[in-house]
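Biologist: I'm new to this one and would like a close look at a single part before anything else. Could you pick one buried charged residue, tell me what surrounds it, and then walk me outward from there?

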Amino acid sequence: MAHEITVKVRFSETDALGHVSNISYFIYLEEARIEFFRELGLEMTIDKWSVIMISANCMFYKQAYFDQRLKVTSFVTKIGNSSFKIGHRITDANSGELIAEGDAGAVYFDFSSQKSERIPDGIRAKLEMHKEEV
């Protein structure tokens, strides 16, 4: 089961060439991840933050433009002891045309001890529910 959000491209997210700047895609992926983490029940407040990012990648296939609506689909591709990987697809919300794909690595993390921790069983079960084979 994948998680989906829709974003509308703002003018400030485009570049001098008239299409969405490559950095903006990482902002869309972050927005999707935060909402996905909330759905999983992870605390998203600064004093209780429990996930740290260890990698982020994005492949661009088509250009996106100002005022376009994009659907960002997020899903789990891998689950380890303390880490997991999120896959993302960005498509045109109307046509379904693939615009970009990305992934991000995350670690369940205790900021007070500055160490990774085992993913709690409840969170692991929710991650498993969102797992897709890629």
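Modeller: Happy to. Let's start with Arg124, which touches Ile79, Gly80, Asn81, Arg118 and Ile119, leaving out residues up to four places away in sequence. Keep in mind that this is a predicted model. Arg124 sits in helix 2, which covers residues 121–129. What does a buried arginine like Arg124 have for a salt bridge? None, as it turns out: the nearest side chain of opposite charge is Asp121, and that is 4.8 Å away. A salt bridge here needs the nitrogen and oxygen within 4 Å, so a gap of 4.8 Å is not counted.

Staying in helix 2, have a look at Glu128. Glu128 counts as partly exposed because its relative accessibility is 44%. Follow the fold across to Thr77: Glu128 and Thr77 are 51 residues apart in sequence, yet their C-alpha atoms are 9.2 Å apart in space.

Now for charged side chains that do pair up. Side chains of opposite charge can pair when their charged atoms come close. How many salt bridges does the structure have? The count comes to seven, and I'll take you through some of them.

Arg89 forms one with Glu132, with 3.7 Å between the closest N and O atoms. Arg89 is in strand 4 and Glu132 in the segment after helix 2, so this pair ties together parts that lie 43 residues apart in sequence. Both ends are partly exposed: Arg89 has a relative accessible area of 28%, and Glu132 comes in at 22%.

Lys8 and Asp67 make another, their side chains meeting at 3.1 Å, N to O. Lys8 belongs to strand 1 (residues 3–8), while Asp67 is in the loop between strand 2 and strand 3 (69–79), so parts 59 residues apart in sequence are tied together. Lys8 is partly exposed at 38% relative accessible area, and Asp67 is partly exposed too, at 42%.

That loop between strand 2 and strand 3 also holds Gln68. Is Gln68 buried or exposed? Buried, because its relative accessibility is 15% and the cut-off for buried is under 20%. Setting aside neighbours within four places in sequence, Gln68 is in contact with Val7, Lys8, Val9, Gln63, Asp92 and Ile99. So you meet Lys8 again here, as one of the contacts of Gln68. Gln68 and Ala93 are 25 residues apart in sequence, and their C-alpha atoms are 8.2 Å apart in space.

One more salt bridge starts from this loop: Lys62 pairs with Glu97, the closest N and O atoms being 3.7 Å apart. Lys62 lies in the loop between strand 2 and strand 3, and Glu97 in the loop between strand 4 and strand 5 (98–110), so the pair links parts 35 residues apart in sequence. Lys62 is partly exposed, with a relative accessible area of 43%, and Glu97 is partly exposed at 38%.

Let's switch from charges to nonpolar side chains on the surface. Met59, Tyr61 and Leu98 form a nonpolar patch there, with about 280 Å² of accessible area together. Met59 is placed in strand 2, residues 51–60. Met59 counts as exposed because its relative accessible area is 51%, and exposed means over 50%.

Last stop: the aromatic rings. A pair of aromatic rings is described by the distance of the centres and the angle of the planes. How many aromatic pairs turn up in a search of the whole structure? Five. Take Phe37 and Phe84, an edge-to-face pair at 6.0 Å centre to centre, with 80° between the planes. Phe37 is in helix 1 (residues 22–40) and Phe84 in strand 4 (residues 83–92), so this pair ties together parts 47 residues apart in sequence. Both Phe37 and Phe84 are buried.

Phe109 and Phe111 pair as well: their ring centres are 4.9 Å apart and their planes meet at 75°, so this pair is edge-to-face. Phe109 is buried, at 13% relative accessible area, whereas Phe111 is partly exposed, at 38%. Finally, ring pairs join Tyr25, Tyr28 and Phe60 into a cluster.

If you turn back to Arg124 now, you can set its surroundings against the rest: a buried arginine with no salt bridge, in a structure where seven salt bridges are counted.

Terms used: Residues are numbered from 1 along each chain as its sequence is written. This is a predicted model: local features need pLDDT of at least 70, side-chain atom pairs count only at pLDDT 80 or more; totals for chains, interfaces and linings use all residues. Side-chain values use heavy atoms; hydrogens and water are left out. Helices (H or I, at least four residues) and strands (E, at least two) are DSSP runs, numbered from the N terminus. Buried means under 20% relative accessible area, exposed over 50%, partly exposed in between (1.4 Å probe, protein chains only). Lys and Arg count as positive and Asp and Glu as negative; His and the chain ends are not counted. Contact means heavy atoms within 4.5 Å. Patches are made of residues with over 30% relative accessible area and no salt bridge: like charges are joined within 9 Å, nonpolar side chains (Val, Leu, Ile, Met, Phe, Trp, Tyr) within 5 Å. Accessible areas come from the Shrake-Rupley method with a 1.4 Å probe; for residues, only the protein chains shown count as cover. Rings of Phe, Tyr and Trp (its six-membered ring) pair if their centres lie within 6.5 Å; planes under 30 degrees apart count as stacked, over 60 as edge-to-face and the rest as tilted.
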